[in-house]
Amino acid sequence: MANDEVILLDFWPSMFGMRLRIALAEKEVKYEYKEEDLTNKSPLLLQMNPIHKKIPVLIHNGKPICESLIGVEYIDEVWKDKAPLLPSDPYERAQARFWGDYIDKKLYDTARKIYSTTGDEYEAGKKDFIEILKVLEGALGEKPYFGGDNFGFGDIALIGFYCWFHAYEVYGNFSIEAECPKLVAWAKMCMKRDSVAKTLPDQHKILEFAKILREKLGLE
């Protein structure tokens with residue numbers, strides 16, 4: 001795979017794009033990073049993801065792979081010589097996919113309500129967000145990582161949200177660590193990995209970005 005051309009169309013605060021950046025870093029795959037302006041999407045993005053027109057898009061030798069968890073699986077299958085991300089056991093692999101799907105279906109839209117809504121929707125978002133994190137903390141259990149002893153698919157699916165925790169806490173007026181101490185301990189352990197530490201933006205930079213989003217929504 002030495003002559004592969006790998007391009008990532010992404011947007012720096014995206015926890016979905018962070019999944020691909022971490023997976024590529026774990027596999028030590030060199031790639032070209034192209035930052036997208038989501039208010040003025042590039043012709044390449046529209047050409048490579050004509051259905052959803054969203055980032056992230058992984059382009060491997062001119063072929064697009066859309067949707068972040070599908071991209072992580074693809075990276076694991078293509079560059080399988082190091083750092084396996086999905087378990088080899090079929091049942092454990094199915095469980096990893098289940099939790100990735102749960103995070104995709106539940107967490108983003110709920111978390112977004114904390115900084116982008118008011119009133120009943122805001123209060124419901126806060127309550128649901130903590131409940132979802134507690135479910136995930138239960139899934140983690142006493143294990144160091146979601147897949148057991150090794151960092152992998154489930155961790156990659158969730159860890160990008162960690163750099164948003166400070167923004168959620170500021171606008172939600174709660175402490176995630178007080179509610180879910182084991183989950184925060186897990187996140188801090190993930191941050192000790194180069195692949196994660198070099199990918200996740202500073203939490204204060206994310207807070208500034210959330211503030212800009214709120215200003216656009218007329219909430220600031």
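How much space lies in the second largest pocket? In this predicted model, the second largest pocket holds about 390 Å³ of space. The residues closest to its centre, among the 19 that line it, are Pro87, Glu92, Ala96, Phe146 and Gly147. Helices H4 and H6 each supply at least two residues of this lining, and H4 gives the largest share, with 4 residues.

## The two pockets

The largest pocket contains about 980 Å³ of space. Its lining is made up of 29 residues, of which Ser14, Phe16, Leu38, Ile55 and Tyr108 are the closest to the centre. Three elements give two or more residues to this lining: H1, H4 (90–116) and H11. Of these, H4 provides the largest share, 5 residues. Helix H4 is therefore the leading contributor to the lining of the largest pocket and also to that of the second largest pocket, as far as both shares are concerned.The composition of the two linings is set out below.

| Lining | Nonpolar | Polar | Charged |
|---|---|---|---|
| Largest pocket | 14 residues | 5 residues | 10 residues |
| Second largest pocket | 10 residues | 6 residues | 3 residues |

## Annotated domains

Two domain annotations come from an unreviewed UniProt entry. The "GST N-terminal" domain is assigned there to residues 4–83. In the model, this span is 36% helix and 21% strand, and its end C-alpha atoms lie 19 Å apart. The "GST C-terminal" domain covers residues 89–209 according to the UniProt entry. Here the helix content is 74% and the strand content 0%, with 40 Å between the end C-alpha atoms.

## Aromatic pairs and the aromatic cluster

Across the whole structure, a search finds 16 aromatic pairs. One of them joins Phe11 and Phe209 in an edge-to-face arrangement, with 5.7 Å from centre to centre and 70° between the planes. This pair links distant parts of the chain, 198 residues apart: Phe11 belongs to the loop between strand S1 (6–10) and helix H1 (15–26), whereas Phe209 belongs to helix H11 (residues 203–216).

Are the two partners buried or exposed? Phe11 counts as buried because its relative accessibility is 18%, under the 20% limit for that class. Phe209 has a relative accessible area of 15% and is therefore buried as well.

Phe209 takes part in a further edge-to-face pair, with Trp164, at 6.0 Å centre to centre and with 80° between the planes. This contact also links distant parts of the chain, since Trp164 lies in the loop between helix H6 (153–159) and helix H7 (165–172) while Phe209 lies in H11, 45 residues apart. Trp164 is buried, like Phe209.

These rings belong to a wider group. A single aromatic cluster is formed by Phe11, Trp12, Tyr115, Phe129, Tyr162, Trp164, Phe165, Tyr168, Phe174 and Phe209. One member of the cluster, Trp12, also meets a charged side chain: the charged end of Lys205 sits over the Trp12 ring, 4.4 Å from its centre.

## Backbone features

Where in the fold does Pro56 lie? Pro56 is found in the loop between helix H2 (43–48) and strand S3 (57–60). The peptide bond that leads from Ile55 to Pro56 is cis, with omega near -5°. Ile55 was named above among the residues closest to the centre of the largest pocket.

The loop between H2 and S3 also holds Lys53. Lys53 is not a glycine, yet its phi is positive, at about 55°. With a relative accessibility of 38%, Lys53 counts as partly exposed, since that class lies between the 20% and 50% limits.

Asn173 likewise has a positive phi of about 55° without being a glycine. Its place is the loop between H7 and helix H8 (176–179). Asn173 counts as exposed because its relative accessibility is 69%, over the 50% limit.

Notes
Residues are numbered from 1 along each chain as its sequence is written. Side-chain values use heavy atoms; hydrogens and water are left out. UniProt positions are given in the numbering used here, feature names are shortened, and annotations may be inferred rather than shown by experiment. Rings of Phe, Tyr and Trp (its six-membered ring) pair if their centres lie within 6.5 Å; planes under 30 degrees apart count as stacked, over 60 as edge-to-face and the rest as tilted. Buried means under 20% relative accessible area, exposed over 50%, partly exposed in between (1.4 Å probe, protein chains only). A charge sits over a ring if NZ of Lys or CZ of Arg is within 6 Å of the ring centre and within 35 degrees of the ring normal. On a 1 Å grid over the protein atoms alone, a cavity is a set of points where a 1.4 Å probe fits but cannot get out, and a pocket is an open set with protein on both sides within 12 Å along at least five of seven lines; lining residues have an atom within 4 Å of a point. Grid points are joined across faces, edges and corners, and a volume is the space filled by probe spheres set on the points. Ala, Val, Leu, Ile, Met, Phe, Trp, Tyr, Cys and Pro count as nonpolar, Asp, Glu, Lys and Arg as charged, and the others, Gly among them, as polar.
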